[in-house]
Amino acid sequence: MSNHDQLHRYLFNHHAVRGELVSLHETFQQIVAGHDYPADVRNLLGEMLVATSLLTATLKFDGDITVQLQGDGPLKLAVINGNNLQELRGLARLQGEIKEGSSLKEMIGNGYMVITISPTAGERYQGVVGLEGENLAECLENYFMQSEQLPTRIFIRSGEVEGKPATGGMLLQVLPAEETDPEEFSHLAQLTATIKAEELLNLPANEVLYRLYHQEEVTLYEPQDVCFRCTCSRERCAGALLTLPDDEILEMLEEDGKIEMHCDYCGSDYAFDAMDMATLKASGNVVSGNDNVH
């Protein structure tokens, strides 16, 4: 059985440690499709995609997580958003040339990582952490130590499967409110660190776990599917336009005869002409029009 684009949770039977494993092929390909990202930016988005999927799986409620990197470097912004249904989307914005082989620091410059947790019901939480680590995984481990005080290790691997980009990762975390010997956790982390990209991206989860922890007893739970999904829609665009002042809308319509809106996440285009806008204003409802989607 293939475990592509699935998230697997697992638990060590004799240690107060839980794990997650994710392997993403199509989701990653859909996020970078239609964007001419340099290889290093594409790889970083892949790492962020894996990290967001793993982080979203730590949520105990309905809601979503956004992982965002921003700074004064040539990569102005990189963002991935995911929810408890493991529906993910993301994009990068560049403001300069990125040299091949650029490190995280060289791409972002002086910057930071913002993690925003937005429950469907309840308070929104935002954590900001400096980019102190050499790579994204280290930065995230720092975040967990600062915000959750839970020892956490994250391992991310990228590669290609059948000539197409793929990415995957694993997360180990001490269970909250349980005593764990730091040496035991360190030992499990050392075992996990030996995972190779080709194993993680190609093998079924149970085989990966057996290879890593064959002397441990591990319970593997039912997997959760992961997919790319954009939340843009004609309705949302119309809602945004309705918040603009009338004179601004008139000005935009006079320029082109229509207002065009483009979604950077999925490449969809939405167009509204004067008639659409008049109907919208009159009813406050969204009208169907001609959209050239994708």
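Helices and strands are taken here as DSSP runs, numbered from the N terminus. On this basis, in the predicted model, H15 falls in the loop that links β1 (6-12) to β2 (17-24). The relative accessible area of H15 is 16%, and because buried means under 20%, H15 counts as buried. Two polar contacts are made by the side chain of H15. One is with the side chain of E184, at 2.8 Å, and the other is with the side chain of E216, also at 2.8 Å. When residues up to four places away in sequence are not counted, H15 touches E184, L188 and E216. Both glutamates of the polar contacts thus appear in this list, together with L188.

The largest nonpolar core contains 53 residues, of which L69, L75, M113 and I115 touch the most other members. Helix α2, spanning residues 39-56, gives the most to this core, with nine residues. Another core lies apart from it and has 19 residues, including I195, L200, L203 and Y213.

The surroundings of M113, one of the four residues that touch the most other members of the largest nonpolar core, were examined further. Leaving aside neighbours within four places in sequence, M113 is in contact with V67, Q68 and L69, with G127, V128, V129 and L131, and with L136, C139, L140 and Y143. L69, itself another of those four residues, is therefore among the contacts of M113.

Within helix α2, L45 is buried, with a relative accessible area of 1%. The contacts of L45, again leaving aside neighbours within four places in sequence, are F28, Y37, A78, V79, I80, L91 and A92. For one of these, F28, the separation from L45 is 17 residues in sequence and 8.4 Å in space, C-alpha to C-alpha.

The packing of two further helices was also described. Two packed helices are characterised by the angle between their axes and by the distance between the axes. Helix α8 (residues 234-242) packs against helix α10 (residues 274-283) at an angle of about 75°, and their axes are 11 Å apart. Because angles of 65 to 115 degrees count as roughly perpendicular, α8 is roughly perpendicular to α10. On the α8 side, the residues that meet α10 are R234, A238, L241 and L242; on the α10 side, they are D276, M277, L280 and K281. By class, this contact has five nonpolar and three charged residues, and no polar ones.

Conventions:
Residues numbered from 1 in each chain as written. Predicted model: local features only at pLDDT ≥ 70, side-chain atom pairs only at ≥ 80, totals over all residues. Heavy atoms only, no water. Core = buried A, V, L, I, M, F, W, Y, C linked by side-chain atoms within 4.5 Å. Buried < 20%, exposed > 50% of the residue type's maximum accessible area, 1.4 Å probe, protein only. Helix = DSSP H or I, 4+ residues; strand = E, 2+ residues; numbered from the N terminus. Contact = heavy atoms within 4.5 Å. Axes fitted to C-alpha atoms, helices over the stretch in contact; angles between N-to-C directions. Parallel < 35°, antiparallel > 145°, perpendicular 65-115°, else oblique. Nonpolar A, V, L, I, M, F, W, Y, C, P; charged D, E, K, R; others polar. Polar contact = N/O pair within 3.5 Å; in protein donor to acceptor, adjacent residues only side chain to side chain.
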